[in-house]
Amino acid sequence: MKAALAALALALALGGCREALSPTAEYRPEEAGTVDHALCLLGFTAVPLRKLVTGHHLVQAKLNGRDGIFLLDTGANASVLDAGAAADFGVGGGAAVPGAAVGLGGAMKARQSAIESLAIGPVPIRRDRIMTADLGQVVKVLGPLSGGAIHGIIGQDVMEEHRAVIDVARPILYLTPEDAQPTPVPAERCRAEAGEGEPAANRSATS
């Protein structure tokens, strides 16, 4: 854990005054031959990510109706809300689950707490509980690079449940809203998204 945090601290120092977040990628669901078009036709919804100079990606989410910024962590086995931000999101209590949250920074003692709702962009997430743990070191190191606060981590539980596809280079996260195998949808859906100029996910995360 100390080694991981030291690497993050070094990245913070090297980042200096460089641009902290990447620009929003152009979304082209109507253009045949693009990843956007192929995934749109399979029912995926695009959600923009913001890339830090460290290479980490941030995503905007809404927990219990409140907006938050979460770190996307493919190495975390569970999504985690920082214990220091739990009260702000109306999350509290829950049973202790030692070592249940494993990801950036190593294993953490965590509690599992009930939540009313979680959404990433326009996609409702099918979870009624979230882990809470002390993410103070992660928040301290990456928070200044985010242009604001980091409230938690989105982990494998959410990404697996919604069959996440990540375009790291652009960067965009694609999620399936439905609890089903991805299946073809009418092409009009993709043309409609293109006609709006950018997907609803883009507008909500960049406004």
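These are my notebook entries on what I looked up in this predicted model.

**Entry 1: Ground rules**

I number residues from 1 along each chain as its sequence is written, and my side-chain values use heavy atoms, with hydrogens and water left out. Because the model is predicted, local features need pLDDT of at least 70 and side-chain atom pairs count only at pLDDT 80 or more, while totals for chains, interfaces and linings use all residues.

I take helices (H or I, at least four residues) and strands (E, at least two) as DSSP runs, numbered from the N terminus. I call a residue buried under 20% relative accessible area, exposed over 50%, and partly exposed in between, with a 1.4 Å probe and protein chains only.

**Entry 2: The disulfide**

I began with the cysteines. A disulfide is a covalent bond between the sulfur atoms of two cysteines. The rule I applied asks for a pair of cysteine sulfur atoms within 2.5 Å, and it gives a count of one disulfide. Cys40 and Cys190 form this bond, with 2.2 Å from S to S. I noted -115° about the S-S bond, which makes the link of Cys40 and Cys190 left-handed. The two cysteines belong to distant parts of the chain: Cys40 sits in helix α2 and Cys190 in helix α5, 150 residues apart. I then looked up their accessibility. Cys40 is buried, at 1% relative accessible area, and Cys190 is buried with 1% as well.

**Entry 3: His37**

I stayed with helix α2, which covers residues 35-41 and includes His37. His37 is buried because its relative accessibility is 16%. Which residues does His37 touch, not counting residues up to four places away in sequence? Contact means heavy atoms within 4.5 Å. By that rule I found Arg28, Pro29, Glu30, Glu31, Ala32 and Cys190. Cys190 is thus a name I had already written down, as the disulfide partner of Cys40.

**Entry 4: Salt bridges**

I next searched for salt bridges (a side-chain nitrogen of Lys or Arg within 4 Å of a carboxyl oxygen of Asp or Glu). The structure holds nine of them, and I looked at several in detail.

Asp157 and Arg127 pair at 3.6 Å, N to O. This pair links distant parts of the chain, 30 residues apart: Asp157 is in helix α4 (residues 156-161), and Arg127 is in the loop between β9 (123-124) and β10 (129-133). Asp157 is buried at 17% relative accessibility, whereas Arg127 is partly exposed at 29%.

Glu188 and Arg191 pair at 3.1 Å, N to O. Both lie in helix α5 (residues 187-195), three residues apart, about one turn of the helix. Glu188 is partly exposed, with 48% relative accessible area, and Arg191 is partly exposed, with 47%. I also recorded a network in which salt bridges that share partners join Asp36, Asp167 and Arg170.

Within that network, Arg170 and Asp167 meet at 3.8 Å, N to O. Arg170 is partly exposed at 22% relative accessibility, and Asp167 is buried at 17%.

**Entry 5: Backbone details**

Arg170 came up again in the backbone, since a cis peptide bond joins Arg170 and Pro171, with omega about -10°. Pro171 is in the loop between β12 (165-167) and β13 (172-175).

Where is Asn64? I located Asn64 in the loop between β3 (57-63) and β4 (66-72). Asn64 has a positive phi of about 50° although it is not a glycine, and Asn64 is buried at 12% relative accessibility. Arg163, also not a glycine, has a positive phi of about 50°. Arg163 lies in the loop between α4 and β12 and is partly exposed at 38%.

**Entry 6: Nonpolar cores**

In soluble globular proteins, nonpolar side chains tend to be buried together. I counted as a nonpolar core a set of buried Ala, Val, Leu, Ile, Met, Phe, Trp, Tyr and Cys residues joined through side-chain atoms within 4.5 Å.

The largest core has 23 residues, of which Val59, Leu63, Leu81, Val91, Ile120 and Leu173 touch the most other members. Two or more residues each come from β3, β4, β8 (118-120), α4 and β13, and β3 gives the largest share, three residues. Leu81 has contacts that include Leu63, Phe70, Val91 and Ile130, not counting residues up to four places away in sequence. I closed with a second, separate core of 17 residues, among them Ala76, Ala78, Met131 and Val138.
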